[in-house]
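Let's take a walk through this model, stopping at a few spots where the geometry is worth a closer look. Have your viewer open and follow along.

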Amino acid sequence: MRIDVSRIEDAATALLDHHEYQRFAFYGRVSTEDQQDPVASRNWQLTRATSLIEPAGGIIVADFFDVGLSRSLPWKRRHHAARLLDALANPSRGFDAVVIGEPQRAFYGNQYSLTMPVFSHYGVGLWVPEVGGAIDPESEAHDLIMSVFGGMSKGERTRVKVRVRTAMTSQAKIEGRFLGGRPPYGYRLADAGPHPNPGKAADGRRLHKLEPDPATAPVVRRIFAMYLANNGYFAIAEALTRDGIPSPSAADPARNPHRTGEGWAKSAVKNILSNPRYTGRQVWNKQRKDEVLLDVNDVALGYETRMRWNDRDSWVWSDTIAHPPLVTVNDFELVQTIMAASGRGRTGTRQRNVRRHYLLRGLMLCGLCGRKMQSHQAHEAAYYRCRYPNEYALANHVQHPRNVYIAERDIVPALDNWLLTAFAPHRLTDTIRRLHAAQPDAAPGTVPPEITAANKIIAACDAKLVQYRAIADAGGDPATVAAWMAEVDAQRATAIARRDKAAAAQEPPPHRLTKDDIRRLVGSFDDIRNTLRDADSKDKSNVYRELRLALTYHPGQNKISVEATPDADYCGVTVRVRGGT
């Protein structure tokens, strides 16, 4: 017998319509800040939502649940909440209203007042247990209730932050407890016994403390001794590099993937000399997290978190020695006095104002070492320089001048001339042909390791569930088997959430454009050409960034290689500076 699936689906839809079921989308959220199980949190929020709508003949046909996102993020910056907002505008969305299990998890601060007008605009109802059903947008009481819950949500988050910071302050000051993070160079982590919280101790959580690292602790003592013997930062860094001693980033490359590990830098020496934890005291609150508005002209976009240094007066010191010291307090204080007297100590985090706008800021690369060149001003003119410390060259046996300079005035005219020529109407055919030929072949995107690991966990959980069902069918204890399955279900749900998050963040593989695609794209460069003819520095800088320019300066050849990669396109040319063509 052949079954027509489409007719069954149509019949089911007609049955639902006949019984006048109201279709709902469910929205919920759980944050990792709460240390909650995402599966359990979703289940109880969904249970509250289902209990609210079932007496009214409601069924849930769509599910939107954010995992690992703070409530302070606006809906547009939450992945599933943003999908829900997009679905509201779709006439064939498949649901008539949205139900929320707990408003404090969905709305923060004034988010309700910014979101509810969108629901009203598209004629989608919003149901909340706290009002006993659908919210009436015209009801002053409903608006007041939801505003109160938004304020309570914000207050709860603030209270949690205050409690956590107060607890960590007392733990660092009174107990001298190690509060996490990477150990300073010269130390390593050691076990400090079970966690004092009985519940966490029962789960196997343990405390840690710092102990001297046999390989790197003598290096710290040597750095302090050399500095007190009137050796400067560079002399110390050069001596350590010459002796083949790994720098902090080279000693622990797994935790420093963003660094090259080339030799010892003067900044590494300075940071070690400035770190008070080598005196044996636990020091906390050297940095803080500040929430900064993304756009001061659009507060609804919310905040982003930035790490900033605190003043020394705000640092929290342990009352007693918390771990074996590597230097004496007297030596450390003497080093700080010398650094302050020489004007090289940290004086705060005050940012310097940029007095000049650099057209190629962040776009210039050094052809000798591959690093970005710094913007620099000399004699009222803009330059780009690569300062390569001698200790780096010593470590890598690189013939690199101490400083490499190139003037902006020697780059921009030749660059603009090439851009104007390459995209001129009479050159478009040749430029399009070169752009098409230079494209990399489209290749399938690689699967991120997070997705691969999550898939392995999901497959293992599925295998366990099959085994547990077999045990239950064979007469196993139902309560025990149910507990096993609940634990595995939680692991599986967490893995699925991680996989979905990694998949959402994955960029699609590049596609190869046709010549017609490139022609349409290049057609938009007419505005760029007009801008380059007569533009101020900021407009011209924006053009360079829209073209995604990358310029590599080769000092020995006195040339600059230029690559322009607008979107999926690629084009390259080499120009000679200082009067060349």
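Start with N285, which counts as buried because its relative accessibility is 9%, below the 20% cut-off. Keep in mind as you look that this is a predicted model. N285 sits in the loop that links β8 (283-284) to β9 (287-293). Its backbone is a bit unusual too: N285 is not a glycine, yet its phi is positive, at about 75°.

Now hop over to another asparagine, N230. Here again phi is positive in a residue other than glycine, with a value near 70°. N230 belongs to the loop between α8 (217-228) and α9. Is N230 buried or exposed? With a relative accessible area of 72%, N230 is exposed, whereas N285 is buried.

Follow the chain out of that loop and you're in α9, which covers residues 233-242. Helix α9 packs against α11 (residues 266-274), with the two axes 8 Å apart and an angle of about 110° between them. That angle falls in the 65 to 115 degree window, so α9 and α11 count as roughly perpendicular to each other. On the α9 side, the contact is made by Y233, F234, I236 and A237. Helix α11 brings K266, V269, K270 and L273. What kinds of residues make up this contact? Six are nonpolar and two are charged, with no polar ones.

Next stop is α16, which runs over residues 449-473. Does its length add up, or where would it fall short? Take 1.5 Å for each step, counting one less than the number of residues. The 25 residues of α16 should therefore span 36 Å, and the end C-alpha atoms are indeed 36 Å apart. Just after α16 comes G475, with a positive phi of about 100°.Look along α16 and you'll find I451, A454, I458, C461, L465 and Y468 buried. An α-helix has 3.6 residues a turn, so residues three or four places apart point the same way. The cover over the buried residues of α16 includes α17 (478-505).

One residue to pick out in α17 is R492. At 27% relative accessibility, between the 20% and 50% cut-offs, R492 counts as partly exposed. Which residues does R492 touch, leaving out those up to four places away in sequence? They are I458, C461, D462 and L465. Three of these names, I458, C461 and L465, also appear in the buried set of α16. R492 also has a distant partner in sequence: V39 is 453 residues away along the chain, but the two C-alpha atoms are separated by 9.2 Å.

While you're at C461, check the cysteines. C461 is buried, with a relative accessible area of 3%, and C386 is buried as well, at 2%. How many disulfides are there? With a sulfur-to-sulfur cut-off of 2.5 Å, the count is zero.

Finish at K372, in the loop between β12 (364-366) and β13 (374-378). Its relative accessibility is 56%, over the 50% cut-off, so K372 counts as exposed. Setting aside neighbours within four places in sequence, K372 is in contact with G362, M364 and L365. The C-alpha atoms of K372 and A550 are 10.0 Å apart, for a pair with their positions 178 residues apart in sequence.

Definitions and conventions
Residues numbered from 1 in each chain as written. Predicted model: local features only at pLDDT ≥ 70, side-chain atom pairs only at ≥ 80, totals over all residues. Heavy atoms only, no water. Axes fitted to C-alpha atoms, helices over the stretch in contact; angles between N-to-C directions. Helix = DSSP H or I, 4+ residues; strand = E, 2+ residues; numbered from the N terminus. Parallel < 35°, antiparallel > 145°, perpendicular 65-115°, else oblique. Contact = heavy atoms within 4.5 Å. Nonpolar A, V, L, I, M, F, W, Y, C, P; charged D, E, K, R; others polar. Buried < 20%, exposed > 50% of the residue type's maximum accessible area, 1.4 Å probe, protein only.
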